[in-house]
Amino acid sequence: MPIAQLAESETPDDSSKSKTFVFKDEGHTLGNALKCVISSYPEVQFCGYTVPHPAEAKMHFRIQMHKGRAVDALKRVSKI
């Protein structure tokens with residue numbers, strides 16, 4: 001399943017340089033893999049993830065950009 005279908009944005013505006021995406025039924029395995037790849041992009045200022053509680057089946061993934069849109073960084077990693 002494409003990453004764009006797995007994640008939903010907490011904010012509806014896609015023009016934001018910083019955004020938190022919520023992945024349902026995902027955890028540390030996907031979070032760490034995404035963080036390692038996306039943090040290597042030069043336009044990314046910060047990216048990280050958290051699993052709010054082990055009983056919740058979701059992961060929050062945050063991206064902040066120097067330039068460009070956060071959603072574009074997430075879409076870029078889905079092409080690998």
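Helices (H or I, at least four residues) and strands (E, at least two) are DSSP runs, numbered from the N terminus. With those labels in hand, Glu43 can be placed in the loop between α2 and β3. The model on the screen is predicted.

**The whole chain**

Show the whole protein as a cartoon and follow its three helices and four strands. Read along the sequence, these elements follow the pattern α-β-β-α-β-β-α. The protein has 80 residues, and 32% of them count as buried. Switch on the surface: about 4,900 Å² is accessible, and 52% of that belongs to carbon and sulfur atoms. If you display contacts between residues at least 6 apart in sequence, 54% of them join residues at least 24 apart.

**Strand β2**

Select residues 18–24, which make up β2. Five of the seven residues in β2 are buried, which leaves the strand mostly covered.

Ser18 belongs to this strand. Is Ser18 buried, partly exposed or exposed? Its relative accessible area is 27%, so Ser18 counts as partly exposed. Leaving out residues up to four places away in sequence, Ser18 touches Arg62, Ile63, Gln64 and Ala70. Now draw a distance from the C-alpha of Ser18 to the C-alpha of His66: the two residues are 48 apart in sequence, and the distance is 9.2 Å.

**Strand β4 and its partners**

Add residues 58–65, strand β4, to the selection. β2 and β4 pair in the antiparallel sense over seven bridges. Two places to look at are Phe21, whose bridge partner in β4 is Phe61, and Val22, which stands opposite His60 of β4.

Then add β3, residues 44–50. β3 pairs with β4 too, in the antiparallel sense and over six bridges. Here the bridge partner of Tyr49 is Phe61. Phe61 of β4 is thus a bridge partner of both Phe21 and Tyr49.

Turn on the side chains of β4. In a regular strand the side chains alternate between the two faces of the sheet. In β4, Met59, Phe61, Ile63 and Met65 point to one face and are buried. Lys58, His60, Arg62 and Gln64 point to the other face and are not buried.

**The loop after β2**

Move on to Asp25, in the loop between β2 and α2. Asp25 is not a glycine, yet it has a positive phi of about 60°. Its relative accessibility is 64%, so Asp25 counts as exposed.

**Helix α2**

Select residues 28–38, helix α2. Which of its residues are buried? They are Leu30, Gly31, Leu34 and Ile38. Look down the axis of α2: these buried residues fall within an arc of 100°, so they line one face of the helix. Rotate to the other side of α2 and you find His28 and Thr29, which are exposed.

**The nonpolar core**

Display the largest nonpolar core, a group of 17 residues. Which of them touch the most other members? The answer is Phe23, Ile38 and Ile63. β2, α2, β3, β4 and α3 (residues 70–77) each supply at least two residues of this core. α3 gives the most, with five residues.

**Glu43**

Return to Glu43, in the loop between α2 and β3. Glu43 has a relative accessible area of 19%; the limit for buried is under 20%. Glu43 is therefore buried. Apart from its neighbours within four places in sequence, it is in contact with Met65, His66, Lys67 and Arg76.

**The cysteines**

Finally, select Cys36 and Cys47. A disulfide is a covalent bond between the sulfur atoms of two cysteines. How many disulfides does a search of the whole structure find? It finds zero. Why is Cys36 not bonded to Cys47? Cys47 holds the cysteine sulfur closest to that of Cys36, but it is 8.4 Å away, too far for a bond. The two residues can also be compared by cover. Cys36, at 46% relative accessibility, counts as partly exposed, whereas Cys47, at 10%, counts as buried.

Key
Residues numbered from 1 in each chain as written. Predicted model: local features only at pLDDT ≥ 70, side-chain atom pairs only at ≥ 80, totals over all residues. Heavy atoms only, no water. Buried < 20%, exposed > 50% of the residue type's maximum accessible area, 1.4 Å probe, protein only. Arc of directions from axis to C-beta. Core = buried A, V, L, I, M, F, W, Y, C linked by side-chain atoms within 4.5 Å. Pairing = 2+ DSSP bridges. Contact = heavy atoms within 4.5 Å. Areas by Shrake-Rupley, 256 points an atom, 1.4 Å probe, with all protein chains shown as cover. Disulfide = S-S within 2.5 Å.
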